[in-house]
Amino acid sequence: MQPTATYDSAFLRACRREPVPHTPVWFMRQAGRSLPEYRKVREGIPMLESCMRPELVTEITLQPVRRHNVDAAIYFSDIVVPLKAIGIGLDIKPGVGPVVDQPIRTRADLARLRDLTPEDVPYVTEAIGLLTRELGPTPLIGFAGAPFTLASYLVEGGPSRTFENAKAMMYGDPELWADLLDRLADITAAFLKVQIEAGASAVQLFDSWVGALAPADYRRSVMPFSSKVFDAVAGYGVPRIHFGVGTGELLKLMGEAGADVVGVDWRVPLDKAHRRVGPGKALQGNLDPTVLFTDKDTVEVRAREVLDAAAGLEGHVFNLGHGVPPNTDPDALTRLVEYVHAQTAR
């Protein structure tokens, strides 16, 4: 099901660890608050509603491609969209993040997590159809939240620094925890399948908060369910990317979970990350996003360090170590794309 128009793109070639004409670049949260055109079209529209309007999703997804000349688009959505689609009461509150009306804390609560079907998210299929026609040879990345990160929101009821309720369930009731993550793995896999079948050229699994775990706990209580997601979409033949924050100690295990590309945040140099992940995986990353607030020369020096650390990798996709900060000057991103392309042209 690989879209032929995008197959030889620099981004997909890098994901497959094949020779590339230049190091491809895209940015997590490239479509969003850093762009004045984004703020204009989103004005007065709540976040979750904006994710359900195909024409608006298409426009927002295309904005950074037009402006920055990035090598891939990422579908504009949010990791809680599939939970909302199956009837979980939640909202994304400005300045806070996802907030769940009734947290999941007991076995009886699991009944609220029903299967996700394509009919639950028709706006996703429609938007990706519109996007792939507009993007042509530029790949579209679909994405979803990983079971652990979704579970952390559902159990805590919203964002958390300590994940005390989620970790208490993981440690104290491992059977309930496993059943919860297994359920979320099925929902996540179904959401990714909808995106791939609609035309997404690659998918990224965001496990944003999994860096809160020790390696032994990740291996025992999280990795099997991330692996289940990756296995469920393996047959489509699209690259699968795995990303988390603060995951330096988990990089080897995250690679073993089944991704083709492992995202690395800014805390671990890419050459060291490669040694931890091991052969057979491309890497994605990993400029510290706050470098974008410095001058042009400093950005180029730090980007050069990332490129030098990536020089011996089998495949490298240039990205930030996390999402684009809201107050970023968009021109800094445009210049960074130009710099990476010029420095790595082959």
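This briefing describes the salt bridges, the sheet, one long-range contact site, a helix and some buried residues of the structure shown above. The model is predicted, so every value below is computed from predicted coordinates. A search of the whole structure finds 23 salt bridges and 0 disulfides. Seven strands, named in the sheet section below, form an open sheet with parallel pairing.

**Salt bridges**

- Arginine 13 forms a salt bridge with aspartate 8, and the closest N and O atoms of this pair are 3.3 Å apart; aspartate 8 is exposed, its relative accessible area being 54%.
- Arginine 183 is joined by a salt bridge to aspartate 186, with 3.7 Å between the closest N and O atoms, which falls inside the cut-off of 4 Å that is used for a salt bridge.
- Both of these residues belong to helix α9 (residues 174–198), where they are 3 residues apart and therefore separated by about one helical turn; aspartate 186 is partly exposed, with a relative accessible area of 30%.
- Aspartate 217 forms a salt bridge with arginine 220, the closest N and O atoms being 2.7 Å apart, and this pair lies in helix α10 (residues 215–221), again 3 residues apart, about one turn of the helix.
- The two partners in helix α10 fall into separate accessibility classes, because aspartate 217 has 12% relative accessibility and counts as buried, whereas arginine 220 has 55% and counts as exposed.
- Salt bridges also link Asp115, Asp182, Arg183, Asp186 and Lys228 in a network, so arginine 183 and aspartate 186, described above as a pair, are both members of a network as defined by the salt-bridge cut-off.

**Aspartate 115, a member of the network**

- Aspartate 115 is found in the loop between β3 (97–100) and α6 (122–135), and this residue is partly exposed, with a relative accessible area of 49%.
- The side chain of aspartate 115 makes a polar contact with the side chain of arginine 183, at 2.5 Å.
- Not counting residues up to four places away in sequence, aspartate 115 touches Ile86, Asp120 and Arg183.
- Although aspartate 115 and isoleucine 187 are 72 residues apart in sequence, their C-alpha atoms are 6.1 Å apart in space.

**Helix α9**

- What span should the 25 residues of α9 have at 1.5 Å a residue, and how far apart are its end C-alpha atoms? The expected span is 36 Å and the end C-alpha atoms are 36 Å apart, which agrees.
- Glycine 199 follows α9, and the phi of this glycine is positive, near 135 degrees.

**The parallel sheet**

- The 7 strands of the open sheet come in the order β1-β4-β5-β6-β7-β8-β9, and their pairing is parallel.
- At the edges stand β1 (73–74) and β9 (316–320), each of which has a single partner strand, so one side of each is left without a neighbour in the sheet.
- Strand β1 runs parallel to strand β4 (residues 140–145) and is joined to it by 2 bridges, with alanine 73 standing opposite leucine 140 in β4.
- Strand β4 also pairs with strand β5 (residues 202–207), in the parallel sense and over 5 bridges, and here isoleucine 141 stands opposite alanine 202 in β5.
- Strand β4 is mostly covered, as 6 of its 6 residues are buried.
- Leu140, Gly142 and Ala144 point one way from β4, while Ile141, Phe143 and Gly145 point the other way, and all are buried.

**Buried residues elsewhere**

- Is serine 226 buried or exposed? Serine 226 is buried, with a relative accessible area of 0%, and this residue is found in helix α11 (residues 223–233).
- Leaving aside neighbours within four places in sequence, serine 226 is in contact with Ala146, Pro147, Leu205, Asp207, Tyr218, His242 and Ala257.
- Cysteine 15 is buried, with a relative accessible area of 3%, and cysteine 51, at 1% relative accessibility, counts as buried too.
- A disulfide is a covalent bond between the sulfur atoms of two cysteines. The search of the whole structure finds 0 of these bonds.

Key:
Residues are numbered from 1 along each chain as its sequence is written. This is a predicted model: local features need pLDDT of at least 70, side-chain atom pairs count only at pLDDT 80 or more; totals for chains, interfaces and linings use all residues. Side-chain values use heavy atoms; hydrogens and water are left out. A salt bridge is a side-chain nitrogen of Lys or Arg within 4 Å of a carboxyl oxygen of Asp or Glu. Buried means under 20% relative accessible area, exposed over 50%, partly exposed in between (1.4 Å probe, protein chains only). Helices (H or I, at least four residues) and strands (E, at least two) are DSSP runs, numbered from the N terminus. Two strands pair if DSSP finds at least two bridges between them. Contact means heavy atoms within 4.5 Å. A polar contact is a pair of N or O atoms within 3.5 Å; within protein, one must be able to donate a hydrogen and the other to accept it, and residues adjacent in sequence count only if both atoms are side-chain atoms. A disulfide is a pair of cysteine sulfur atoms within 2.5 Å. The expected span of a helix is 1.5 Å times one less than its number of residues.
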